[in-house]
Amino acid sequence: MKIPFSTFEHMHNSIKPEMTAAFERCYNKGWFIQGEEYDAFEREFAAYCGAKYGVGVGNGMDAIYLILRGLDIGEGDEVIVPSHTFIATALAVIYAGATPVFCEVDEESFNIDPEKIPACITEKTRAIIAVHLYGQTADMDRINEIAKQKGLYVIEDAAQSHGALYKGKRAGALSDAAAFSFYPGKNLGALGDGGAVVTDNKELADKIHALCCYGSVKKYVHIYKGVNSRLDEMQAAFLRVKLRHLDEWTEERKITAEKYSRLITNPLIKLPRVQEDCEHVWYVYAIRCRERDRLQKHLEERGIGTIIHYPIPMHLHEAFRDMGYKKGDYKTAEEISDTVLSIPLYIGMGDEEIKYVADSINSFR
């Protein structure tokens, strides 16, 4: 049996008439940048997250960068980020002119460990970026408490957690501002790149609206040194369609994850855990195994696609060599990178496929 790591086939086939209608609506209007679909999606997505304002931008990394710019965080400032996440989180800090300071992560949740944050804070620290990795929110009460004590901003990198809940509130409504990615593989994915910022801060939202459009609040009137990072009209229309289906897709992902957790019984495998007060949306189902590379090969031989999220911890990327970090500086992140493996989980995955993956994992010795 051949089982890909991911496929959009079932998802996209089920909504093809709606997506085609969205395309034709945009095409026939002849308006392709910041039009009615863009405005509507900003409102609808912000409301979905439980936030007051939304800003559609070019991609998830730009969303983080624009939040930092909007908060006047830049040269001479430090921003705390997790030691285990995708590189875009730290790159956005660097592009804003600030310095990322890596903080160790929690072994169970894969998210930033709040108890390690205080040791990372200096007089230069301006913000903490809490990444909601793999579809589960970070411990936001504790992070916000620390930030409030120290006068710091809290930013959610919610690129992998559309619709995830923490104590009944959705990702995006748990901080000063949140950044989302709509990369096609995300739970809410466009048919190309895209991103958004959501916040309750109108002044910040207005500033980011300007920054993402060349720093302009009125055509040819530029008050900031802005960039060109706008969610295009067509992608906004597609995302409006998908947003209407997101909750039903999330429920399907939860059911698949529950089946994996019940069926995978190999003692060599450590299963992911849902943390207290959280509702996971399972962007990926990430297991751990000390013989991860052998396990990956074992599954590949059985036609099962897998991905490693992420094989290199943040501090050991060649791109950050100038920051002076070395192996052993973040042992938990390094151990996760050496043992983590994401297995197939996608919309339309049937019981036969789920059982085949689980049985193949259970047969690993």
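Helix 5 (residues 88–95) is mostly covered, with six of its eight residues buried. Buried means under 20% relative accessible area, exposed over 50%, and partly exposed in between (1.4 Å probe, protein chains only). Helices (H or I, at least four residues) and strands (E, at least two) are DSSP runs, numbered from the N terminus.

This is a predicted model: local features need pLDDT of at least 70, side-chain atom pairs count only at pLDDT 80 or more, and totals for chains, interfaces and linings use all residues. Residues are numbered from 1 along each chain as its sequence is written, and side-chain values use heavy atoms, with hydrogens and water left out.

The buried residues of helix 5 are Ala-88, Thr-89, Ala-90, Leu-91, Ala-92 and Val-93. Their cover includes helix 4 (60–70), strand 2 (78–82), strand 3 (99–103), strand 4 (125–131) and strand 5 (153–157). Contact here means heavy atoms within 4.5 Å. Just after helix 5 comes Gly-97, with a positive phi of about 100 degrees.

Two tyrosines also have positive phi.

| Residue | Phi | Loop | Relative accessibility |
|---|---|---|---|
| Tyr-214 | near 65 degrees | between helix 7 (202–211) and strand 10 (216–218) | 41%, partly exposed |
| Tyr-220 | about 70 degrees | between strand 10 and strand 11 (221–222) | 69%, exposed |

Neither is a glycine: Tyr-214 is a residue other than glycine, and so is Tyr-220.

One peptide bond deserves a mention. From His-309 to Tyr-310 the bond is cis, with omega near 10 degrees. Tyr-310 sits in the loop between helix 9 (292–301) and helix 10 (331–339).
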